[in-house]
Amino acid sequence: MSFEIVSQSRCFDGTQFVYRHASQETGTPMRVAVFVPPQAQNAKAPVVWFLSGLTCTEENFTVKAGAQRVASELGLILIAPDTSPRGEGVPDDSDGAYDLGLGAGFYVDATQEPWARHYRMRSYIEKELPDLIAENLPADMSRQGITGHSMGGHGALTIALRNPGRFKAVSALAPIASPMNCPWGEKALSNYLGPDRAAWRDYDACALIKGGARVPDLLVDQGSADNFLDSQLKPQLLQSACAEAGIPLKLRMQDGYDHSYFFIATFIEDHLRWHAERLSAV
């Protein structure tokens, strides 16, 4: 299976692509944004995945974060998938809420109706899309890092923890640290997975760590003026879980920063350099 090019633009001597493909996992067309740095013309380049948050598509990070300049310097391929399946017949929240349904896939494989057929973002990100990237792009899949924001930070942490050894670098910006213990997560997981909280543990970074999952180290940035900090994000839960497990966590509370892409744009360079150092990309 191959990608169809939706758009491509020269960018910092590399190329910013948006691709479309038919997904077997979601049963829908899916879009993914990929920045390919100039170094990939001569050799396969390491990969950094960025998973976006609630309401986002592949476009938000691509046009708002300003990450391509640094990725071009460091020789990193940036991959920004969509956050949920979309299209005719894909269910959405009946009340039109932003935190369930379209734009809110939570990187789970849903087991409950009406979500189970299409909402398979875990398998899409963990299995299907990496295979397509490897087949169609000059990507060195032995050197992968993963990061994300908010719901995407939750996705990055849990995917890395469930796949030990796959990602040599892991970070997050304002992640939902423990979906089992916040309103966003409880709503999404109960709808997608049902009422049995034991089934939720695979999608909670703190629960995975307490269950023995490990990553080498973590970088997390969190804005102190984030209006979701206390009610939804709860970085102190991740801090406690990492401390008990002996996982080195660099948690940086950034004074005055909120939950927006201005926050992401400010600190994305630090995260890409964190990844590049661990991927030996420079």
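**Entry 1: hairpin of strand 2 and strand 3.** I began with the hairpin formed by strand 2 and strand 3, which has 6 residues between the strands. Gly-27 takes a positive phi there, near 70°. I note that the model is a predicted one. I then looked up the pairing: strand 3 covers residues 29-36 and runs antiparallel to strand 2, to which 8 bridges join it. As one registered position, I recorded Ala-33 in strand 3 as the bridge partner of Val-18.

**Entry 2: hairpin of strand 1 and strand 2.** I turned next to strand 1, residues 4-11, which pairs with strand 2 in the antiparallel sense over 7 bridges. The hairpin of these strands has 2 residues between them. In its turn, I found Phe-12 with a positive phi of about 50°. For the register, I noted that Gln-8 has Phe-17 of strand 2 as its bridge partner.

**Entry 3: burial of strand 2.** I asked why strand 2 is largely enclosed by the rest of the structure. Strand 2 spans residues 14-22, and 7 of its 9 residues are buried, so the enclosure follows from that count.

**Entry 4: Val-34 and the core.** I listed the contacts of Val-34, leaving aside its neighbours within four places in sequence. Among them are Thr-15, Gln-16, Phe-17 and Tyr-19, and also Ile-77, Leu-78, Ile-79, Ile-133 and Leu-137. Val-34 and Ile-133 are also among the residues with the most contacts inside the largest nonpolar core, which has 94 residues. I recorded Phe-61, Phe-106, Ile-146, Tyr-192 and Leu-272 in that group as well. Helix 9, residues 261-279, contributes the largest share of this core, with 8 residues.

Key
Residues are numbered from 1 along each chain as its sequence is written. This is a predicted model: local features need pLDDT of at least 70, side-chain atom pairs count only at pLDDT 80 or more; totals for chains, interfaces and linings use all residues. Side-chain values use heavy atoms; hydrogens and water are left out. A nonpolar core is a set of buried Ala, Val, Leu, Ile, Met, Phe, Trp, Tyr and Cys residues joined through side-chain atoms within 4.5 Å. Buried means under 20% relative accessible area, exposed over 50%, partly exposed in between (1.4 Å probe, protein chains only). Helices (H or I, at least four residues) and strands (E, at least two) are DSSP runs, numbered from the N terminus. Contact means heavy atoms within 4.5 Å. Two strands pair if DSSP finds at least two bridges between them.
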